[in-house]
Every structure is written in structure tokens, then in C-alpha cells.
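The following dialogue concerns the reading of pockets and helices in a protein model. Please keep the sequence and the structure in view while following it.

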Amino acid sequence: CYNGQWALLFLEEQAVDLVGEAKSDFHVVCEIAKSLEKLGGKYEGLLERYTGGLSKEEKIIKGFEGSGKPESLSWEQFKEQKFYASPTRDGWESESAGLLNFYKDPDAYPLQSPTGKIEYYSTTLAQMFPDDTLRAPYAQWVEESDEHKDRITSERAKAYPYLLVSNHPHWRVHVNHDDIPWTREIETCKVKGPDGYLYEPLWINPKDAAKYDIKTGDIVKIFNERGGVLGGAYVTERIIPGALYQDHGAKIDAIVRGTGGLDRSGSNNLICPDATTSPNCAGEVTNSYLVGVEKVDVFALAAQYPEEFSRDYDEAVGLIASAYIIGEE
């Protein structure tokens, strides 16, 4: 984008030739759309809706033309040079820094808020959602509501006493890159269980670990009424007592599917709250929520679920593609 926030344009090209029967994401989705169209009904015209009648290159060109690039930069020129850095605006030295003019004279240089001022009380929220008590016009702490009962003060904490902190993962981007051999060897990326499976680390304070006779390398389960997921214990002082820590975004490796199920990989997205910030705000509230924890005998689980524990697996990358195929027509 050619504006104050994004100052670069670059053309991403295919890095390597396709291997075997591999296809691009665009090609795969188009083929799925074609297959669904055969079902008729709501799937009619699905391919056209997805592509907008444009080829992959035409869609790229459309994005390029709408990027805010200068009129003088043609697609042919950009395709050849593959990169464009927007120049610094002429006369920028004489322009006031940031909100300096607003600071000096807020009436003459108002902000783009409804009042023209910095709003600690949002007049727009007050007007649009006057009855929204979960996201009021001003910042406030909501300890609990009908939709949100995941505080250590909640009644549910009697059954699920630990607050699970679940951040964006350090060693991947959501689920992407969860299959990189180099990073999977790192102690805080995966914990190797006694069964040879690389589990998602679950950080637990030594004081809490002692209550359950949990040691680093043990397999544990975190759970609530939504289900449970496994993890490899990582006993450390770097997490406070009463809290647990496990990144979200691991590949799903379901042992038992559905509500109340169990996942082997540590995909705690499956047991996080599904309520949004408020009925009028689709923000997630999944950074921390209540769970219980217990040590598990992974070999007993494997004996109970032999098929689920014998999926095609490679320690270097995790589950391989064939493990996700549950049937064919």
C-alpha cells in the first residue's frame, strides 16, 4: 500500500517448482469449488464467487492497481523490477510532528473523533450500543457476566482451578510452521514424551507440579467441560503458581472428537471460550481461561485408543498428510 503506514510494494513469486502432485492453494480451492458446484443449490456459481471471474494473475494485478501506487508505475514496470519503495514526501521537514498542532490548538486542529478530542468516553459507542454492559463507552473491568465465567473468582474455578495463559506461539505462526524439524528440536517448542511423540509444552510452576507429582517430560492433560488436550510438562519458575501456559495453534490430532473430546497435540483452541467480548463486539477473549490439570499415563491412553495413537507420524514434522484422510469415496 502506498500510504503513511505501508511504504513498500513487492511481488512474491513462486519459490520452487511444484513437487509431485502438489498444487497451489488457489488451484486447490478452485477445484474444490468446481466439485461443490455439482451439488447445486447454495453451491451454484461458487467458483465465480470465489474468483470473481479473474485468473490468479488478474487478481494480483487488481490488488496492485488498488494498492495506492503512483499512477506512473505500470504493472509491466513493476513486474520487471518486482519491488517499489515509495519516496519520502517532499517538504516533510516542515510538517508538524504527530499531533503537535492538536496539542497547540485542539480547536483549530481537531482529531477525527466525533468530538474532535481524545475520547476516554466513546460517544459513538454510547450512541450505537447504549445497553452494552460488557463493552461500555469507557474502559472498565468486568469480573464476570453470563457469557464470561473464566476468572479464578468464578464458581467454575472450584472444578477448574488454573488460569491457562495461551499466547500466540513463539515457534510458529498460529498452526503454520508447526512442522519445521529444526524448531521442533528446541526444548520450549516441543516436549518429547515417553512414547516418542513431540507434545506441545505445558508450563507449570514447581509448586503446582509437586501437587500432582508432575516432572518435566511427563504427559499431562488440561481440561474443562469443553474437553481436554494433552501437553508435555515443562516445570519452570517462569510461570506463576495458579497459572499454566501453553501456546495455541498446534495441529489438531484428535483422540476423541467433539464437545468433551480429547486432543493429543495440545490444540487448546478446542477448549477455549467461544463467547465474544460482547454481543456487539467480535473480539476474542481467549488469552486466559479456566482449566484443570492432571498427569496421564500415555501408554494406557494408547491402549485405549490404539487407532488414534497409530496414525502416520514423523517426529521431524508431526502428523503427515495421510493421517488426516479418514475415508474415500
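Q: By class, which residues make up the lining of the second largest pocket?

A: A lining may be read by sorting its residues into nonpolar, polar and charged classes. In this predicted model, the lining of the second largest pocket comprises four nonpolar residues, one polar residue and five charged residues. The residues concerned are Leu11, Glu12, Glu13, Gln14, Ala15, Lys56, Glu57, Ile60, Trp75 and Lys79. The space within the second largest pocket amounts to about 340 Å³.

Q: Which helix gives the most to the lining of the second largest pocket?

A: A lining can also be read by the elements that supply it. Here H3 and helix H4 (75–81) each provide at least two of the lining residues. The greatest contribution is that of H3, with three residues.

Q: How does the largest pocket read by the same approach?

A: The largest pocket holds about 410 Å³ of space. Of its 18 lining residues, those closest to the centre are Val142, His148, Arg151, Thr277 and Val285. Its lining divides into five nonpolar, six polar and seven charged residues.

Q: Is Lys56, in the lining of the second largest pocket, buried or exposed, or does it lie in between?

A: A residue counts as buried under 20% relative accessible area and as exposed over 50%. Lys56 has a relative accessible area of 43% and is therefore partly exposed. Lys56 belongs to helix H3.

Q: What does Lys56 touch, leaving aside residues up to four places away in sequence?

A: Contacts of this kind show which parts of the chain meet in the fold. With those neighbours left out, Lys56 touches Ser24 and Phe26. Phe26 and Lys56 are 30 residues apart along the chain, and a distance of 7.3 Å separates their C-alpha atoms.

Q: Which residues of H1 are buried, and against what do they pack?

A: One first identifies the buried residues of a helix and then asks what lies against them. In H1 the buried residues are Phe26, Cys30 and Ala33. Because they cover an arc of only 60 degrees around the axis, they lie on the same side of H1. These buried residues pack against helix H2 (46–51) and helix H3 (56–65).

Q: Why does the span of helix H1 agree with its number of residues?

A: The length expected of a helix follows from a fixed rise for each residue, counted over one less than its number of residues. At 1.5 Å a residue, the 13 residues of helix H1 (residues 25–37) should span 18 Å, and the end C-alpha atoms are 18 Å apart, so the two values agree.

Technical notes. Residues are numbered from 1 along each chain as its sequence is written. This is a predicted model: local features need pLDDT of at least 70, side-chain atom pairs count only at pLDDT 80 or more; totals for chains, interfaces and linings use all residues. Side-chain values use heavy atoms; hydrogens and water are left out. Helices (H or I, at least four residues) and strands (E, at least two) are DSSP runs, numbered from the N terminus. Buried means under 20% relative accessible area, exposed over 50%, partly exposed in between (1.4 Å probe, protein chains only). The arc is that of the directions from the helix axis to the C-beta atoms. Contact means heavy atoms within 4.5 Å. On a 1 Å grid over the protein atoms alone, a cavity is a set of points where a 1.4 Å probe fits but cannot get out, and a pocket is an open set with protein on both sides within 12 Å along at least five of seven lines; lining residues have an atom within 4 Å of a point. Grid points are joined across faces, edges and corners, and a volume is the space filled by probe spheres set on the points.
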